[in-house]
Every structure is written in C-alpha cells, then in structure tokens.
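Hi,

Here is the structure I promised to pass on. Have a look first, and my notes follow below.

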Amino acid sequence: MTAKPAEKEIAVFPSMTPSAPITPLKPTHQIVAQHLVEGLTSQDIVTRTGLSPHTVRQYLRDIRVSVHCPPRCKPQVLVHLLLAAEQVASPTTERPAPELDAEEQLLLKAVAEHNTPRDAALAAKIAPADLGSALDALLDETGAADVTQLVALAHAWGLLGTRPAGTVENGAAQ
C-alpha cells in the first residue's frame with residue numbers, strides 16, 4: 001500500500017541535473033570549484049587559497065548559481081554538476097574502476113543527483129532507512145572516503161557520464 005505513493009514521489013522529485021544552460025565559471029571560481037572537487041572543505045579552501053572566509057562563501061554561492069544548484073545543496077550534488085558540465089577538470093586516479101551491479105549504479109546516480117537522503121533513496125529504489133547502510137557498502141566497495149569523493153571518483157572512472165578522453169577502461173595507467 002505504501003509502494004504507490006513512493007512511486008509517485010519519485011516523479012515529484014526530479015534529479016538535480018539542470019536543463020538551463022550553465023554559466024561558465026570565472027577563473028577564480030574555477031580554482032575554488034576545483035578544490036571542492038578535490039574534497040576540500042570551505043575552511044581548507046580558505047587556507048589553501050588565502051582568500052577570506054567571506055570570499056570563499058560568496059564564490060561557492062556564485063558557483064551554485066552558475067550550475068543551477070540550490071543554496072543548500074549537498075557537496076556531492078554540486079561536485080557532480082560541476083563535473084558533468086565540464087566546469088572543472090575531472091580528478092585522476094590510479095584506482096581501477098569497480099564493477100558495480102545495477103543497484104549500486106542506481107544508488108551512485110541517485111546520490112550524485114539528489115539533494116536529500118529521502119529523494120536519493122527513492123530514486124535508488126530503496127527504503128530511506130536503508131540508505132545509510134547501502135551507501136556505506138558502496139563506499140567500502142569503491143574505497144571512497146565519503147560520498148563527495150565517491151562522486152568525483154565515479155566521474156574519473158566514467159561511471160557518471162562519458163569517460164574522459166585518454167583514460168583506459170580500468171582506470172589504471174598504461
């Protein structure tokens with residue numbers, strides 16, 4: 001009886017993938033965005049760049065606007081949008097791409113595109129209560145430290161969109 005409302009809710013919560021054109025980032029914004037893709041926190045970006053905390057917060061707001069990401073979007077969603085729009089370079093990795101089954105691929109796509117845990121769980125077709133354990137298992141399988149790094153690695157492996165030119169299928173150097 002609860003399955004029908006959940007199916008309807010999936011249609012109500014579209015993915016975060018924007019349909020409007022992306023505004024190209026300014027070079028200073030690209031630097032901050034690249035640090036975000038590398039997994040740095042706002043405070044880490046302040047330390048690394050020498051920018052003020054206020055400037056970093058403003059740049060992050062500007063970056064979100066440029067890729068049509070809501071003000072409180074999760075870091076992994078913002079990273080996914082930046083990489084999908086090719087606003088920053090995809091990270092490189094020596095790690096081979098994992099062999100993910102259909103459910104794991106669906107979960108990966110869901111957490112990259114949906115801002116709330118509930119929406120991600122519904123898009124992944126799992127119970128919201130099971131999202132944490134499913135994500136933990138996916139992080140263990142991929143070796144990612146957190147969901148943001150998982151999304152960045154998935155882009156490097158070509159699991160979330162097209163594989164970057166010049167990479168080999170297993171992600172290892174030739």
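**What I found**

Of the contacts (heavy atoms within 4.5 Å) in the protein between residues at least 6 apart in sequence, 66% join residues at least 24 apart. Please note that this is a predicted model, in which local features need pLDDT of at least 70 and side-chain atom pairs count only at pLDDT 80 or more, while totals for chains, interfaces and linings use all residues. Residues are numbered from 1 along each chain as its sequence is written, and side-chain values use heavy atoms, with hydrogens and water left out.

The protein has nine helices and zero strands; both are DSSP runs, helices being H or I with at least four residues and strands E with at least two, numbered from the N terminus. Buried residues (under 20% relative accessible area, 1.4 Å probe, protein chains only) make up 40% of the 174 residues.

I looked mostly at α8. Its buried residues are Leu131, Leu135, Leu138, Leu139 and Thr142. Seen down the axis of α8, they fall within an arc of 100 degrees (taken from the directions from the helix axis to the C-beta atoms), so they line one face of the helix. Their cover includes α6, α7 (117-123) and α9 (147-157). Just after α8 comes Gly143, with a positive phi near 80 degrees.

As for its partner α6, Glu104, Leu107, Leu108 and Val111 there meet Leu131, Ala134, Leu135, Leu138 and Glu141 in α8.

Happy browsing, and best wishes!

Technical notes
Buried < 20%, exposed > 50% of the residue type's maximum accessible area, 1.4 Å probe, protein only.
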